[in-house]
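Let's take a friendly walk through this model together. Have the sequence and the 3D view at hand, and we will go from one helix to the whole chain and then to its charged pairs.

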Amino acid sequence: MRYSPEHKQETHDRIVRKASVRLREKGAHGIGVADLMKEAGLTHGGFYAHFDSREALVIEAFAYAMDRSMEHWRKQSDQVAPEKQLVQIVETYLSTLHRDNPGHGCSIPALGAEIARESPKTRKAFAGKLDEMIEMLTDFIPNLPRKAARKQAIATLATMAGTMLLARIAGSGELSDEVLKAGRDSALDGGKRAPKVAATKKAKLP
C-alpha cells in the first residue's frame with residue numbers, strides 16, 4: 001500500500017515525538033531502534049523509510065525536545081510582566097514536577113553528559129539548539145546590556161541544568177528538595193546582580 005506524503009510526514013513526526021520522550025527517560029543509548037519504533041506503533045523494518053540512521057533520529061528527537069522547552073518558556077513568559085519573566089522560567093524549571101518527569105522536560109540535564117560524548121555532527125546540532133535557548137533567556141533579562149545579559153543567561157541556564165541534574169541524582173526526598181531550593185536561590189540571585197562593567201563606569205563618574 002502506498003501512503004500519501006502527508007501520511008508519511010505524520011508518521012515521521014510521531015516517531016520523533018515518541019523518541020524524544022523515551023530518549024530523555026532512558027538516555028541516548030538506553031533504548032534501541034526496535035523499541036522506539038514499537039513505541040510509535042510501527043515495525044523495525046520501516047525505520048529506514050524515515051531516517052538515514054539512528055543518529056539522524058536522535059538529532060531530530062533532541063531538536064524537537066529543545067524546541068518544546070523553548071515553546072514552554074515562551075508561553076510562560078507571556079503570562080507575566082517582562083521583569084518577572086526570568087523568575088517564572090527559573091521557578092518552573094527548578095520544580096519537583098520537572099524533576100519527576102524527565103521524559104517531558106529539558107534535554108540538557110537528561111542527556112547533556114551523553115551528548116558531550118556523541119559524534120561532532122550530533123554535538124553541533126545540540127549546540128545550535130543550546131545557543132537558541134541562551135538567546136531566548138537573554139531576552140528575559142531586559143535590565144542589562146545585551147552582552148551582559150547573554151553572559152547572565154549562560155550562567156543562569158548552567159545553574160538551572162546543573163541543579164536539575166543533581167536533584168535527580170538525589171532522588172525525590174529532602175536532599176533533592178534542598179538542592180532545588182539552593183539552585184533556585186542561586187539562579188535568581190545571579191539575575192539581580194549588576195554587571196561589573198556598569199559598576200566600573202559608575203565609579204568613574206564625577
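Which residues are buried in H6? They are Ser107, Ile108, Pro109, Ala110, Leu111, Gly112 and Ile115, where buried means under 20% relative accessible area, exposed over 50% and partly exposed in between, with a 1.4 Å probe and protein chains only. Helix H6 covers residues 107-115, and 7 of its 9 residues are buried. Helices (H or I, at least four residues) and strands (E, at least two) are DSSP runs, numbered from the N terminus. The cover over the buried residues of H6 includes H1, H3, H4 (85-93), H7 (120-139) and H8.

Before going further, please keep in mind that this is a predicted model, in which local features need pLDDT of at least 70, side-chain atom pairs count only at pLDDT 80 or more, and totals for chains, interfaces and linings use all residues. Residues are numbered from 1 along each chain as its sequence is written, and side-chain values use heavy atoms, with hydrogens and water left out.

Now step back to the whole chain. The protein chain has 10 helices and 0 strands, and its C-alpha atoms fill a box of roughly 80 × 40 × 35 Å along the principal axes. Of its 206 residues, 39% count as buried. Among contacts (heavy atoms within 4.5 Å) with a separation of 6 or more, 68% are between residues 24 or more positions apart.

Ser20 in helix H1 (residues 5-26) gives a local view of such packing. Ser20 counts as buried because its relative accessibility is 1%. Leaving aside residues up to four places away in sequence, Ser20 touches Ala61, Tyr64, Ala65 and Gly103.

Helix H8 runs over residues 146-170. The expected span of a helix is 1.5 Å times one less than its number of residues, so the 25 residues of H8 should span 36 Å, and this agrees with the 36 Å between its end C-alpha atoms. Its buried residues include Ala149, Gln152, Leu157 and Met164. Leu165 of H8 is partly exposed, with a relative accessible area of 39%. After H8 comes Gly171, with a positive phi near 95°.

Let's turn to charged pairs. Side chains of opposite charge can pair when their charged atoms come close. A salt bridge is a side-chain nitrogen of Lys or Arg within 4 Å of a carboxyl oxygen of Asp or Glu, and the count by this rule is 12 salt bridges. One of them joins Arg99 and Asp177, with the closest N and O atoms 2.8 Å apart. This pair links distant parts of the chain, as Arg99 is in H5 (residues 96-99) and Asp177 is in H9 (residues 174-192), 78 residues apart. Arg99 is buried at 6% relative accessible area, whereas Asp177 is partly exposed at 36%.

What does Arg150 form a salt bridge with? One partner is Glu135, with the closest N and O atoms 2.6 Å apart. Arg150 lies in H8 and Glu135 in H7, so the pair ties together parts that are 15 residues apart in sequence. Salt bridges that share partners join Asp131, Glu135, Asp139, Arg146 and Arg150 into one network. Within this network, the Asp131 and Arg150 side chains meet at 2.7 Å, N to O.
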